[in-house]
Amino acid sequence: KVIICSNFYKITPKTMKVLKNLSKMDQLKNLGASIDGVDKEYDWIRSNDFKTTCKTLENFYNETGKTLTINTCVSFWNFFSLNKIVDYFKDKPYVRAISFNNVIGKTQIHSHLHIPLEIRKKQFRYYDRKWRKERLVHYEHLRSHFIKDQKGVFNSRSKERLFKHMETIDEFRGFKLTDYCPEIKEIYDEYRNRDI
């Protein structure tokens, strides 16, 4: 049995040949691609090109006939964009499931629990209504995080670290995440204007 943990950004021809042979022997099981967003949000979070990753996913499926799970690590950076992932991947022939069961914990700087509680509740209820009947979407762990960690951790020290990290990555990537996620922009603008 071969288990691969990858964002599937690139598979070399040599590696693809090995994977193709393994698929013929039915050795490729439980394959997952780490996809934390779509389009520019993916580029910002993963530092790879989303279109290239999708081409690799398609090529892998065409070469091996194997489907895989889209594994998303839920964080502050993509909490408002999870449904974009579902909408993009739910009809792709290479997708077996979409999982939101990898959730950054409350003590970590990138946790979605930094989002104010009322905003988080509203967004989670929206997801819960949308995904309840989606057979491909698995979000049990996200649900348990939501129920267990109602208070969150959005204090002034963590906000400062979180947004300093965002500004650094914005500069490194050459574009701003807030240009693609208005909900994060709203939280960020409120943080920046706190002393005005």
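Angles under 35 degrees between axes count as roughly parallel, those over 145 as roughly antiparallel, those from 65 to 115 as roughly perpendicular, and the rest as oblique. With that scale in hand, one can turn to a pair of helices in this predicted model. The axes of helix α1, residues 13-24, and helix α3, residues 50-64, come within 9 Å and cross at roughly 45°, and α1 and α3 are therefore oblique to each other. The crossing of these two helices, α1 and α3, is right-handed.

The residues that make up this contact can be named on both sides: α1 contributes Met16, Leu19, Lys20 and Ser23, which meet Asn59, Phe60, Glu63 and Thr64 of α3. Sorted by class, the contact of α1 with α3 has 3 nonpolar, 3 polar and 2 charged residues.

From helix packing we pass to charged side chains. In general, side chains of opposite charge can pair when their charged atoms come close. Taking a salt bridge to be a side-chain nitrogen of Lys or Arg within 4 Å of a carboxyl oxygen of Asp or Glu, the count for this model comes to 9 salt bridges.

One of these pairs is Glu134 with Lys90, whose closest N and O atoms are 3.3 Å apart. This pair links distant parts of the chain, since Glu134 lies in the loop between α5 (117-131) and β5 (137-138), while Lys90 lies in the loop between α4 (82-89) and β4 (95-103), 44 residues apart. Glu134 is partly exposed, with a relative accessible area of 24%, and Lys90 is likewise partly exposed, with a relative accessible area of 27%.

A salt bridge contained in one helix is found in α8, residues 182-192, where Lys185 and Asp189 both lie, 4 residues apart, or about one turn of the helix. The closest N and O atoms of Lys185 and Asp189 are 2.7 Å apart, and Lys185 is partly exposed, with a relative accessible area of 34%. Beyond this pair, salt bridges that share partners join Asp128, Arg132 and Arg143 into one network.

Within that network, the side chains of Arg132 and Asp128 meet in a salt bridge with an N to O distance of 3.1 Å. Are these two partners buried or exposed? Arg132 has a relative accessibility of 56% and therefore counts as exposed, whereas Asp128, at 12% relative accessibility, counts as buried, the cut-offs being over 50% for exposed and under 20% for buried.

Terms used. Residues are numbered from 1 along each chain as its sequence is written. This is a predicted model: local features need pLDDT of at least 70, side-chain atom pairs count only at pLDDT 80 or more; totals for chains, interfaces and linings use all residues. Side-chain values use heavy atoms; hydrogens and water are left out. Axes are lines fitted to C-alpha atoms, for helices over the stretch in contact, and angles run from 0 to 180 degrees between N-to-C directions. A crossing is left-handed if the near helix is turned anticlockwise from the far one by less than a right angle, and right-handed if clockwise. Contact means heavy atoms within 4.5 Å. Ala, Val, Leu, Ile, Met, Phe, Trp, Tyr, Cys and Pro count as nonpolar, Asp, Glu, Lys and Arg as charged, and the others, Gly among them, as polar. Buried means under 20% relative accessible area, exposed over 50%, partly exposed in between (1.4 Å probe, protein chains only).
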